[in-house]
Amino acid sequence: MMRVVYAQSGDLKAIAKCHRSAFSDSLSSKLGLSYCIKMLNWYIEGQGKFLFSIMDNGECIGYCGGATRMPGANLGSASSLAQYTMIKGLIAICVRPWLFFTKEAKANYEFVFRNIKRKLGLEKKRTKPPKPAPHYDSMATAGLVVIGVSPQYQGKGIGSQLLQEFERKAIEMGIKHLHLSVKETNDSALRSYLRNGWKVYENLNGLMFLEKFL
Ligand SMILES: CC(C)(COP(=O)(O)OP(=O)(O)OC[C@H]1O[C@@H](n2cnc3c(N)ncnc32)[C@H](O)[C@@H]1OP(=O)(O)O)[C@@H](O)C(=O)NCCC(=O)NCCS
């Protein structure tokens, strides 16, 4: 029987396996199971974050993670996650140095080096934000940071079930605005978001930014 389960540390291995099957080509998956577990742990540590999965007979077939963002917050979820997983990520890269030269890693060099500097306390203090604040910066919002369904369960409505649970959770937390980003080439994900009432508000360098008001 399928059920939604809010993750605790004992569930992270099953969710990490699901993540690695849903995102088999991603750098995070290639960095190994224990890196993925650390990454998923970010969602269940601290306030304002959540991670849930859909379990079917003890197997995780889909999962979704979100993080709330309060007005004016200056560290987005990607940087916060990078800070949290930095040591584990560097160890995983040392064991698999070829990954450092992959296309996905290269595309993230600037982001990674900025976060290493920040971790070491070497980042220069900014007097103004590096890029325009998102248009929703003045309201509490929940970011859908990750969503994945195991390939053999895709196309059966599981993604929609996860999106509905994400909304239910946000409402429970008193949040009325949701946001996410997705590559414009990710047709199946984009279709799923649009079908579930999300709207595109920006398309920047191949990345689509979507939102939904609750
Ligand atoms: C994005 C992702 C989570 C969507 O999951 P999904 O379960 O396939 O998505 P949906 O629930 O929207 O279902 C999609 C299809 O199932 C069909 N479907 C079948 N039964 C359904 C039901 N009961 N309810 C809703 N849809 C159903 C839909 O019509 C839809 O078909 P279409 O894509 O041909 O239009 C999944 O494709 C995935 O894990 N991708 C890899 C990871 C990824 O890219 N994540 C997003 C990064 S931003």
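This tour goes through a predicted model stop by stop, naming what to select and what is found there.

**Stop 1: helix H7 and its salt bridges**

Start with helix H7, residues 158–172. The whole structure holds five salt bridges, and several can be viewed from here. Select Arg168 and Glu165: their side chains form a salt bridge in which the closest N and O atoms are 2.9 Å apart. Both residues belong to H7 and are separated by three positions, about one turn of the helix. Now add Glu172, which meets Arg168 in a salt bridge, also given as 2.9 Å from N to O. Glu172 and Arg168 are four residues apart in H7, again about one turn. Add Lys169 as well: salt bridges with shared partners join Glu165, Arg168, Lys169 and Glu172 into one network. The spacing along the helix fits a general rule: an α-helix has 3.6 residues a turn, so residues three or four places apart point the same way.

Switch on a surface to compare two members of this network. Arg168 has a relative accessible area of 39% and is partly exposed. Glu165, at 11%, is buried.

**Stop 2: from H7 to strand E7**

Keep H7 displayed and select Glu167 and Lys212. This pair forms a salt bridge with the closest N and O atoms 2.5 Å apart. Glu167 is in helix H7 and Lys212 in strand E7, so the salt bridge ties together parts that lie 45 residues apart in sequence. Are these two residues buried or exposed? Both Lys212 and Glu167 are buried.

**Stop 3: helix H8, one side and the other**

Next select helix H8, residues 187–195. Which of its residues are buried? They are Ala189, Leu190, Ser192 and Tyr193. Looking down the helix axis, these residues cover an arc of only 160 degrees, which puts them on the same side of H8. Arg191 and Arg195 are exposed on the other side.

To see what the buried side of H8 packs against, show strand E4 (141–149), helix H7, strand E5 (177–183) and strand E7 (207–213). Two of these, H7 and E7, hold the partners of the Glu167–Lys212 salt bridge from the previous stop. Before leaving H8, step past its end to Gly197, which follows the helix and has a positive phi, near 90 degrees.

**Stop 4: His179 in strand E5**

Select His179, which lies in strand E5. With 13% relative accessibility, His179 counts as buried. Its side chain makes a polar contact of 2.8 Å with the side chain of Thr141. Expand the selection to everything His179 touches, leaving out neighbours within four places in sequence: Tyr136, Thr141, Ala142, Gly143, Leu144, Trp198, Leu210 and Glu211.

**Stop 5: Gly48, before strand E2**

Move to Gly48, in the loop between helix H3 (33–44) and strand E2 (49–56). Apart from its neighbours within four places in sequence, Gly48 is in contact with Gly66, Ala67, Thr68 and Met173. Add Arg69 and draw a C-alpha to C-alpha distance from Gly48: it is 7.8 Å, for two residues that are 21 apart in sequence.

**Stop 6: two asparagines with positive phi**

Follow the chain along E2 to Asn57, in the loop between E2 and strand E3 (59–69). Asn57 is not a glycine, yet its phi is positive, about 50 degrees. Its relative accessibility is 67%, so Asn57 counts as exposed.

Then jump to Asn205, in the loop between strand E6 (199–204) and E7. Asn205 likewise has a positive phi of about 50 degrees without being a glycine. At 78% relative accessibility, Asn205 counts as exposed.

**Stop 7: a nonpolar patch on the surface**

Finish with the surface shown and select Ile87, Ile91 and Val95. Together these residues make a nonpolar surface patch of about 300 Å². One of them, Val95, lies in helix H4, which spans residues 77–95. Val95 has a relative accessible area of 55%, over the 50% limit, and is therefore exposed.

Technical notes: Residues are numbered from 1 along each chain as its sequence is written. This is a predicted model: local features need pLDDT of at least 70, side-chain atom pairs count only at pLDDT 80 or more; totals for chains, interfaces and linings use all residues. Side-chain values use heavy atoms; hydrogens and water are left out. Patches are made of residues with over 30% relative accessible area and no salt bridge: like charges are joined within 9 Å, nonpolar side chains (Val, Leu, Ile, Met, Phe, Trp, Tyr) within 5 Å. Accessible areas come from the Shrake-Rupley method with a 1.4 Å probe; for residues, only the protein chains shown count as cover. A salt bridge is a side-chain nitrogen of Lys or Arg within 4 Å of a carboxyl oxygen of Asp or Glu. Buried means under 20% relative accessible area, exposed over 50%, partly exposed in between (1.4 Å probe, protein chains only). The arc is that of the directions from the helix axis to the C-beta atoms. Contact means heavy atoms within 4.5 Å. A polar contact is a pair of N or O atoms within 3.5 Å; within protein, one must be able to donate a hydrogen and the other to accept it, and residues adjacent in sequence count only if both atoms are side-chain atoms.
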